[in-house]
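Here are a few notes to read alongside the model, set out as numbered points. I hope they help you find your way around.

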Amino acid sequence: MKLPDPIIIDPQSVPALNWGIIGPGGIAETFVGATQKHTSQRFAAVASRTAGRGDEFASKFNIPRVHANYAELVADDELDAIYIASHQGDHFEHAMLAIEAGKSILVEKPITYLPEQAEQIFAAAARHKVLAMEAMWTRYLPQSTILRQLLASGELGTPELLTASFCADNRAIERLWKPGGGGIVYDMGIYPIAMAQQILGTAKSITATGLVRPDGMDEESYTILTYESGARASLTMSGIASLPISASCSFENAIVTFGEPFFVPSSISVKTKDFYPEQSTWVDESGIAGHEGLSYQATWFAKYLSEGRIESEVHTHAETVEGIAIAHEITTQIGAKPF
């Protein structure tokens, strides 16, 4: 099976937006650094609740303005968009603050802990006619554009069984183990969840078991999703054990496998289901490696904003809410309380 070419938007073909940053922590450093390196997007202002942090961040990335607080930042008339990278438990407050100020937003994943809060964010964005996106950067990577074309062509046939795993010993990352700051299902497991959604659609049933710390933070979970079509998905998420960060799906006519780790620029392979299969593989050789792939979503965001969209066409509001609902159901079933 011949693989289609990836759909890659030229970063110079979209408007260079002026971005403001809420929550200049580690992921914001990665996003801003990657976006400055690989796109024409501009970062014009930053604010932080931590004294001195905004100035330090601005100096590191040559950002001209540091605001005293988030309300002042979102009121900045020179900003086109706000990137929200605060702790997960603060996303709802900061998203609503920016939307009410008439700003389009890109919110780090997960956009919220609760599906009803995500719905409120998107309803507010619709009222104010601004773009609101969860930063599910995997949807904008080149291999994901190949997957979408394969799914649309129908050549793969009906999906049967998907397996996706994100297991990494992240016990040293303090944020993950604090209520409101992480949680393995919401922070890491959101990637396998999103992969299952992209390929299989809406789940009919969710069954989960797992390990939970005495303080309510989830350590590990094993989830089976079933679908009306008869397809199944097996998702494994762990913050204490390390395994290959993999994703693959058996279809009626072929097997699709992503390079490891599957949520960064990597590769995609399609092979026949024969004992000695034929295989076609596309490998990302762009030089945009690892978390530098965060830059792709900035370019797609600018494209959508220039088109007057209020949601991503490849990761819709409804799908975002559904992903949060799946994460919430998994943590509920295993007895975790990550927020």
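1. Strand 8 (residues 205–212) and strand 9 (residues 218–226) are antiparallel partners, joined by eight bridges. Please bear in mind throughout that this is a predicted model. Within the pair, Ile206 has Leu225 of strand 9 as its bridge partner. The two strands make a hairpin with five residues between them, and Gly216 in the turn has a positive phi of about 95 degrees.

2. Next, have a look at the open sheet. Six strands build it in the order 3-2-1-4-5-6, with parallel pairing. Strand 3 (65–67) and strand 6 (132–134) are at the edges and have a single partner strand each, so one side of each is left without a neighbour in the sheet. On average, neighbouring strands here are turned by 25 degrees against each other, direction ignored.

3. At one of those edges, strand 5 (residues 104–107) runs parallel to strand 6 and is joined to strand 6 by three bridges. If you want a residue pair to find by eye, Leu106 stands opposite Met133 in strand 6.

4. Which strands does helix 4 lie across? Helix 4 (residues 91–100) crosses strand 1 (18–22), strand 4 (81–84) and strand 5. Relative to strand 5, helix 4 runs at about 160 degrees.

5. Helix 2 (residues 53–61) deserves its own point. Its buried residues are Arg53, Gly54, Phe57, Ala58 and Phe61. These cover an arc of only 130 degrees around the axis, which puts them on the same side of helix 2. What do the buried residues of helix 2 pack against? Their partners are strand 1, helix 1 (26–38), strand 2 (42–47) and strand 3. On the face turned away from the buried side, you will find the exposed residues Ser59 and Lys60. Asn62 follows helix 2 and has a positive phi, near 55 degrees.

6. Now to the open space. The largest pocket holds about 730 Å³. Its lining has 32 residues, and the closest to the pocket centre are Gly26, Ile27, Ala85, Ser86 and Arg175. Helix 1 and helix 4 are the elements that give two or more residues to this lining. The largest share, three residues, comes from helix 1.

7. How many cavities of 30 Å³ or more does a search of the whole structure find? There is one, and the space in the largest cavity is about 60 Å³. Among the residues that line this cavity are Thr138, Arg139, Tyr191, Met195, Phe258, Phe262 and Phe263. Helix 6 (142–153) and helix 8 (190–200) are the elements that contribute two or more residues to the lining. Helix 8 gives the most, with four residues.

8. Last, a residue worth a click: is Pro115, in helix 5 (residues 115–128), buried or exposed? Its relative accessible area is 16%, under the 20% cut-off, so Pro115 counts as buried. Leaving aside residues up to four places away in sequence, Pro115 touches Val321, Ile324, Ala325 and His328. Its C-alpha atom is separated by 17 Å from that of Ser312, a residue 197 places away along the chain.

Key:
Residues numbered from 1 in each chain as written. Predicted model: local features only at pLDDT ≥ 70, side-chain atom pairs only at ≥ 80, totals over all residues. Heavy atoms only, no water. Pairing = 2+ DSSP bridges. Axes fitted to C-alpha atoms, helices over the stretch in contact; angles between N-to-C directions. Contact = heavy atoms within 4.5 Å. Buried < 20%, exposed > 50% of the residue type's maximum accessible area, 1.4 Å probe, protein only. Arc of directions from axis to C-beta. 1 Å grid on protein atoms, 1.4 Å probe; cavity = no way out; pocket = protein on both sides within 12 Å on 5 of 7 lines; lining within 4 Å. Points joined across faces, edges and corners; volume = space filled by probe spheres on them.
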